[in-house]
Amino acid sequence: MAQALDIERWNLECEYNNMDHRTDLNGTDRLIVRRGQPFSISLYLRSGTYQPGLSSLECVAETGPQPSEQYGTRASFGLSANIDTSRWSAAVTSPPGDMVALSICSAPDAPIGRYTLTLGRSGRIEFILLFNPWCPGDSVYMDNQQSLAEYVLSQDGIIFQGSHGHPIPTPWNFGQFESGILDICLRVLDMNPKCLNNPGKDCSGRRNPIYVSRVLSAMVNCNDDRGVLLGKWTDGYEGGVSPMFWRGSVEILRNWNTQACQPVRYGQCWVFAAVACSISRALGIPCRVVTNYLSAHDTNSNLVIETYIDENGDLIRSREMIWNYHCWVESWMTRPDLKPDFNGWQASDPTPQEKSEGVYCCGPVPVKAIKEGELTFKYDAPFVFAEVNADVASFMKKKDGNISKVNYTTTVGQKISTKSVGSDAREDITHLYKYPEGSDEEREAFRKANHQNKLLQQQQNQGLHVAIKVTSDMKKGCDFDVYAVVTNNTQSEKKCRLVFGSCAVSYNGFLGGNCGFKDLLNVELSPGGERRVPLRLNYSKYGGLITEDNLIRLAALLLDYSTKEMILTVRNIVLENPEIKVRILGEPKENRKLAAEITLQNPLPEPLENCCFSIEGANLTGGCVISEKLGSPVGPGEDAKVKIYFTPTHFGLRKLVVDFDSNKLCHVKGYRNVIIGK
């Protein structure tokens, strides 16, 4: 008869197991393991010894408040001769004796979360179970070590902002292994309405990364729930901070946790996406932030963005907009709910834009489904397809109420970007979302998506053409020229009116004040002729108007007097912030105090006041933000300079993220990669 093991005490071997399961950056004071991979614990017996074939041990693993075998949140298993990695199993790996080395393996599709494991009558241990992208049986399995190092283990990254003509890399501290962050990520799952309504079913759903990433896309915003961030795009940031303030996700998640799950104020698209990326990586789902330049927000799913301008070429605000850029996340997983070939990167968007199944969330949808025009595929394919493919129809609303069509060409969905694996370079992933323009495959995708406008598009007017040209020296604080270039490709003389204007604009298309304007009533062009019209942009005018996005919208509107045809060209330019220079003083080693000497030259023709530098970095600044204020103003052309001390805690390549803030230059970002030795 089998003899139950009489356990007196145990050792969870946290240091060994957590290192083996690549969770040791969370700390080694408790057991954190990944599913489908064995872990070993040591059992010390009160009496008797372990005898192969004679000794028995009943094990019960449970998660969630209502564990049940039916929901897959409870598993009972005994000792086997060998570990079976396809299901919950346990096997002894030590010779007979009073110390038993017990190897335990969870099922590769077990729900993630907090577990209790009961061992016989006297043993009860606790551990956290995560997704395992290193396990071939897990639905988030990724077969590339460099990609895993980037998309799961890397605690910092680059998010691309700026404009499609000038993508600007912005550093971000994801910090998914910083102290307490994993617990906060699990709390985000626990606070979701599905869990509050039916915790047993929700915990069962956590076996499925499709379910988890959809929950996250709803919970990172707070529109329907006690989510993490409140979005704000207009009228100042009273009661919170500008989205530009944040340097990483750690402070945001900790603030949400300590203020009783009240939303953190404020976020915009890159902040929502970055926080979703931090939580996904913490839970073990490979994840990356992507930026789509000239991103369409299509509210009525007709794949056409209708924009209206006034007689000066200024945009009239509407719900349908072209955002200068928009960020979302991609997560890596299989899609057994869809036909084959749609595994891999799935797009989901935590920025609250439109409701999906009654909730502000979006995705996950296979990136390949967007490329192929498969708009019936779950979830929210039409919205994401429109973000990268919508057509733009432009109309002028005249003072007398008449509306007329304007010739306007712009390509929505350009330079779709993410950080490269293993480097800070920009990787262009547009080809994953769309076929080459004009190709047969593109036409087939549009046909499937019923994108009639693109299929019917005629050749644009070849007669008159207007383009906007810029120079390379568009730095914040400088005066510079931009140019409207009008070309007459017809055989006859042309008389035209040119309205060339500029105004401040936010990254999601909100227009601000006028930065410079010209209205030429009599532009004459001979056949084949060209006219170049400069517009001077002075800091004295634009300096007080532009937002923290540093964007100016240039619009050139050409009216052909003979045909009454109107041609519009728009270009958003981004003004360059000054560079932040970071010098590391001392030899970077684990647990050794270092100094960063940080410098920024004031590029403005006026003094900077209330200057403050802040730094943070995973395993560099102890999970905190370290700030240093300057005591006096910094005059034009002078350097703002500080020395900030910090103590790295882990070896390896780390990113020190720097933020400079003042009264006139707000939240300028910079970074320095630091290699920490042992």
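Here are some numbered notes on the structure above, which is a predicted model.

1. Let's start with the annotated site. An unreviewed UniProt entry gives the feature "binding site" at Asn 389, Asp 391, Glu 437 and Glu 442. These positions are spread over 54 residues of sequence, yet they cluster in space, with a largest C-alpha distance of 14.1 Å. Two of the names will come back below, as Asn 389 and Glu 442 belong to the lining of the second largest cavity. Please keep in mind that the annotation comes from the record and may be inferred rather than shown by experiment.

2. Is Asn 389 buried or exposed? Asn 389 sits in helix 10, which covers residues 381-389. Its relative accessible area is 5%, and because buried means under 20%, Asn 389 counts as buried.

3. Glu 437 belongs to the annotated set as well, but its setting is a loop, the one between helix 11 (430-433) and helix 12 (440-448). With a relative accessible area of 64%, Glu 437 is exposed. Leaving out residues up to four places away in sequence, Glu 437 touches Thr 411 and Glu 442. So the record's set holds a buried residue, Asn 389, and an exposed one, Glu 437.

4. Helix 10 deserves a look of its own. Eight of its nine residues are buried, so helix 10 is largely enclosed by the rest of the structure. The buried residues are Ala 381, Phe 383, Val 384, Phe 385, Ala 386, Glu 387, Val 388 and Asn 389. Glu 387, a charged residue by class, is one of the buried residues of this helix.

5. Now to the cavities. How many cavities of 30 Å³ or more does the structure hold? There are three. The largest has a volume of about 70 Å³, and the second largest has a volume of about 50 Å³.

6. The second largest cavity ties back to the annotated site. Its lining consists of Ile 370, Lys 371, Phe 385, Asn 389, Tyr 433, Lys 434, Tyr 435, Glu 442, Ala 445 and Phe 446. Helix 9 (367-372), helix 10 and helix 12 are the elements that give two or more residues to this lining. Helix 12 provides the largest share, three residues. By class, the lining has six nonpolar, one polar and three charged residues. Phe 385 and Asn 389 both appear in this lining, and both are among the buried residues of helix 10. An α-helix has 3.6 residues a turn, so residues three or four places apart point the same way.

7. The largest cavity has another set of residues around it: Glu 150, Tyr 151, Gly 157, Ile 158, Phe 174, Arg 281, Arg 288, Val 289, Thr 418 and Lys 419. Two or more of them come from each of helix 2 (145-153), strand 12 (156-163), strand 16 (287-297) and strand 24 (414-419). This lining divides by class into four nonpolar, two polar and four charged residues.

8. Ser 147 is found in helix 2, one of the elements that give two or more residues to the lining of the largest cavity. At 14% relative accessibility, Ser 147 counts as buried. Not counting residues up to four places away in sequence, Ser 147 touches Met 142, Val 152 and Val 421.

9. Ser 356 lies in the loop between strand 20 (344-348) and strand 21 (365-366). Despite the loop position, Ser 356 is buried, at 5% relative accessibility. Apart from neighbours within four places in sequence, Ser 356 is in contact with Arg 214, Cys 361 and Asp 380. There is a spatial link to helix 10 too: Ser 356 and Phe 383 are 27 residues apart in sequence, with 9.8 Å between their C-alpha atoms.

10. Finally, the cysteines. Which cysteine sulfur is closest to that of Cys 287, and why is there no bond? The closest cysteine sulfur is in Cys 277, at 4.0 Å, which is too far for a bond, because a disulfide needs the two sulfur atoms within 2.5 Å. A search of the whole structure finds zero disulfides. Cys 185 is in no disulfide either, and its nearest cysteine sulfur, that of Cys 277, is 11 Å away. Both Cys 185 and Cys 287 are buried, each at 0% relative accessibility.

Note on methods: Residues are numbered from 1 along each chain as its sequence is written. This is a predicted model: local features need pLDDT of at least 70, side-chain atom pairs count only at pLDDT 80 or more; totals for chains, interfaces and linings use all residues. Side-chain values use heavy atoms; hydrogens and water are left out. On a 1 Å grid over the protein atoms alone, a cavity is a set of points where a 1.4 Å probe fits but cannot get out, and a pocket is an open set with protein on both sides within 12 Å along at least five of seven lines; lining residues have an atom within 4 Å of a point. Helices (H or I, at least four residues) and strands (E, at least two) are DSSP runs, numbered from the N terminus. Buried means under 20% relative accessible area, exposed over 50%, partly exposed in between (1.4 Å probe, protein chains only). Contact means heavy atoms within 4.5 Å. Grid points are joined across faces, edges and corners, and a volume is the space filled by probe spheres set on the points.
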